[in-house]
Amino acid sequence: MSQVSAKLVKELRDRTGLGMMECKKALEEANGDIELAIDNLRKSGQAKAAKKAGNIAADGAIVIAQAAGKALLLEVNCQTDFVAKDESFTAFANKIAELALANNTTDVEAISALPYGDGTTVEEARIALVQKIGENIQVRRAEIIEGANLAAYRHGIRIGVVVSYEGGSEEIGKAVAMQVAAFNPLAVNEESVPADILAREKDIIEAKAKESGKPEAVIEKMITGGVQKYLNEVTLVNQPYVIDNEKKVGDVLKAENATVLSFKRLEVGEGIEKKQEDFAAEVAAAQAAAQS
């Protein structure tokens, strides 16, 4: 097998949508001939997976793997909720989560290269699953959280949460995980809100307050009140408790002698723009192509 350049690997990856390692292997077997590599991929059936790679995978599932003192949340995407509930898809996602946790990695490329079993890698197993199911499937992201006490909660298959806490009980840990799933806080408390995000929100609040045309003293109070309102909404301890809205989460934690140290929350499809099908436009385009 000949050595192939990173540039050639990238070109094959761009043209096929396959993983980097699969492209490198295909090029080595074709002695650097990219056209031959593509032909070989088509013959082996991997071209089917390559075609599916162009489809938007905005559905899927969040799975959670746990071990002593740590947990991993993993998002694996597909195109439809039907496939997201498929047994083969679920088994694939759960196994990857266990492998990633055992290897203590959240890097998607590193996860893709992990041994999956029977002499295959995770990426090769993914391609095989695409061929079997017929949808684009992607390992999108992973998060690891560590702590002596961890509470995990999944809301259906679309939201996963793990909370690290000290004190209290398993019940309060689970309740807080449900809280994070339902209210999606930005941070545990006011001190842990990222400074750049808080500054941006304050600028917006200040601009709106100044547009009111009210006296400066009133504007200052509006800004202070607006910032506090924002912090109450995005910080876990200041949110209304999901089980009893008359209480704040912070008050419940204090009564239980519990403290939340950190949390991780993943939701399927966050940040992915799902394609909106326009069938009329699609038919018109097909007719135009047929007439040209």
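Hi everyone. Let me begin with a term: a nonpolar core is a set of buried Ala, Val, Leu, Ile, Met, Phe, Trp, Tyr and Cys residues joined through side-chain atoms within 4.5 Å. Please keep in mind that what you see here is a predicted model.

So, who sits at the heart of the largest core? That core has 28 residues, and the ones touching the most other members are Leu72, Leu74, Phe89, Phe92, Ile96 and Ile137. At least two core residues come from each of strand S1 (59-67), strand S2 (70-78), helix H5 (81-84), helix H6 (87-102), helix H8 (122-133) and strand S5 (138-146). H6 gives the largest share, with eight residues.

Take Leu72 as an example. Beyond its neighbours within four places in sequence, Leu72 is in contact with Val63, Ile64 and Ala65, with Ala97, Ala100, Leu101 and Thr105, and with Ala142, Glu143 and Ile144. There is also a second, separate core of 21 residues, including Ile172, Ala177, Ala181 and Val252.

Now over to a sheet. Three strands make up an open, antiparallel sheet, ordered S6-S7-S8. Strand S6 (150-155) and strand S8 (258-267) each have a single partner strand and stand at the edges, so one side of each has no neighbour in the sheet. From one strand to the next, the twist averages 15 degrees.

Looking at one pair, S6 and strand S7 (residues 159-167) are joined antiparallel over six bridges, and His155 stands opposite Ile159 in S7. Helix H9 (residues 170-183) packs on this sheet and touches S6, S7 and S8, with its direction at about 140 degrees to that of S7.

Thanks for listening!

Conventions
Residues are numbered from 1 along each chain as its sequence is written. This is a predicted model: local features need pLDDT of at least 70, side-chain atom pairs count only at pLDDT 80 or more; totals for chains, interfaces and linings use all residues. Side-chain values use heavy atoms; hydrogens and water are left out. Buried means under 20% relative accessible area, exposed over 50%, partly exposed in between (1.4 Å probe, protein chains only). Helices (H or I, at least four residues) and strands (E, at least two) are DSSP runs, numbered from the N terminus. Contact means heavy atoms within 4.5 Å. Two strands pair if DSSP finds at least two bridges between them. Axes are lines fitted to C-alpha atoms, for helices over the stretch in contact, and angles run from 0 to 180 degrees between N-to-C directions.
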